[in-house]
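Here is a set of exercises to work through with the model on your screen. Try each task yourself before you read the solution.

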Amino acid sequence: MIKVGIVGGTGYTGIELLRILARHPQAELAVITSRREAGVPVAKIFPSLRGAVSLEFSDPGRGDLAHCDVVFFATPMRSQ
């Protein structure tokens, strides 16, 4: 099993990653971050994932991502 983290789990890309990875047989969702939604269950914001994702959003600064095998960044690009 590959432990997966997603940074920016509430945007379009983050929710699509959640949807795909929640059903992937070799992926274990370990951390899903959101600064604004930290502490809120994923299924409360995205009811379609109820039963598929039992995690809460966490703050990206907590360091939980260090325990992941792979981390996806679903964050906006900064323009220069």
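## Exercise 1: Salt bridges

The structure holds 2 salt bridges. Keep in mind that this is a predicted model.

**Task.** Find the partner of E16 in a salt bridge, and work out how the two residues are placed along helix 1.

**Solution.**
- Step 1. Look for a side-chain nitrogen of Lys or Arg within 4 Å of a carboxyl oxygen of Asp or Glu.
- Step 2. E16 pairs with R19, and their closest N and O atoms are 2.7 Å apart. That value fits the cut-off of 4 Å.
- Step 3. Now count along the chain: E16 and R19 are 3 residues apart in helix 1, so about one helical turn separates them.
- Step 4. The general rule helps here: an α-helix has 3.6 residues a turn, so residues three or four places apart point the same way.
- Step 5. Check the surroundings. E16 has 24% relative accessibility and counts as partly exposed, and R19, at 40%, is partly exposed too.

**Task.** Which residue forms a salt bridge with D64? Say whether each partner is buried, partly exposed or exposed.

**Solution.**
- Step 1. The partner of D64 is R62, with the closest N and O atoms 3.0 Å apart.
- Step 2. Recall the limits: buried is under 20% relative accessible area, exposed is over 50%, and partly exposed lies in between.
- Step 3. D64 has a relative accessible area of 24%, so D64 is partly exposed.
- Step 4. R62 reaches 57%, so R62 counts as exposed.

## Exercise 2: The buried side of a helix

**Task.** List the buried residues of helix 1 and decide how they are arranged around its axis.

**Solution.**
- Step 1. Helix 1 runs over residues 12-22, and its buried residues are G14, I15, L17, L18 and L21.
- Step 2. Around the axis, these residues cover an arc of only 160 degrees, which means that they sit on the same side of helix 1.
- Step 3. Ask what lies over them. The cover includes strand 1, strand 2 (27-33), helix 2 (42-45) and strand 4 (70-73).
- Step 4. Add a look at confidence: among the elements of the chain, helix 1 has the lowest mean pLDDT, at 94, while strand 1 has the highest, at 97. The average over the chain is 93, and 98% of the residues score at least 70.

## Exercise 3: Two residues in strands

**Task.** Is T33 buried or exposed? Name the residues that T33 touches beyond four places in sequence.

**Solution.**
- Step 1. Place the residue: T33 belongs to strand 2.
- Step 2. The relative accessible area of T33 is 1%, so T33 is buried.
- Step 3. Collect the contacts. T33 touches I6, V7, G8, G9, F57, S58, D59, P60 and L65.

**Task.** Take S58 from that list and describe its own setting.

**Solution.**
- Step 1. S58 is part of strand 3, residues 57-58.
- Step 2. With 6% relative accessibility, S58 counts as buried.
- Step 3. Leaving out residues up to four places away in sequence, S58 touches V31, I32, T33, S34, A38 and D64. One of these, D64, is the salt-bridge partner of R62.

## Exercise 4: Distance along the chain and in space

**Task.** How many Å separate the C-alpha atoms of P41 and S58? And those of H24 and V7?

**Solution.**
- Step 1. P41 and S58 are 17 residues apart along the chain, and their C-alpha atoms are separated by 9.4 Å.
- Step 2. H24 and V7 are also 17 residues apart along the chain, but here the C-alpha separation is 18 Å.
- Step 3. Locate the loop residues. P41 lies between strand 2 and helix 2, whereas H24 lies between helix 1 and strand 2.
- Step 4. P41 has 34% relative accessibility and counts as partly exposed; H24, at 37%, is partly exposed as well.
- Step 5. Beyond its neighbours within four places in sequence, P41 is in contact with L55, E56 and F57.

## Exercise 5: A patch on the surface

**Task.** Which residues make the nonpolar surface patch of about 210 Å²?

**Solution.**
- Step 1. The patch is made by I2, V70 and F72.
- Step 2. I2 is found in strand 1, residues 2-7.
- Step 3. At 44% relative accessibility, I2 counts as partly exposed.

Technical notes: Residues numbered from 1 in each chain as written. Predicted model: local features only at pLDDT ≥ 70, side-chain atom pairs only at ≥ 80, totals over all residues. Heavy atoms only, no water. Patch = residues over 30% accessible without salt bridge, like charges linked within 9 Å, V, L, I, M, F, W, Y side chains within 5 Å. Areas by Shrake-Rupley, 256 points an atom, 1.4 Å probe, with all protein chains shown as cover. Helix = DSSP H or I, 4+ residues; strand = E, 2+ residues; numbered from the N terminus. Buried < 20%, exposed > 50% of the residue type's maximum accessible area, 1.4 Å probe, protein only. Arc of directions from axis to C-beta. Contact = heavy atoms within 4.5 Å. pLDDT = per-residue confidence, 0-100.
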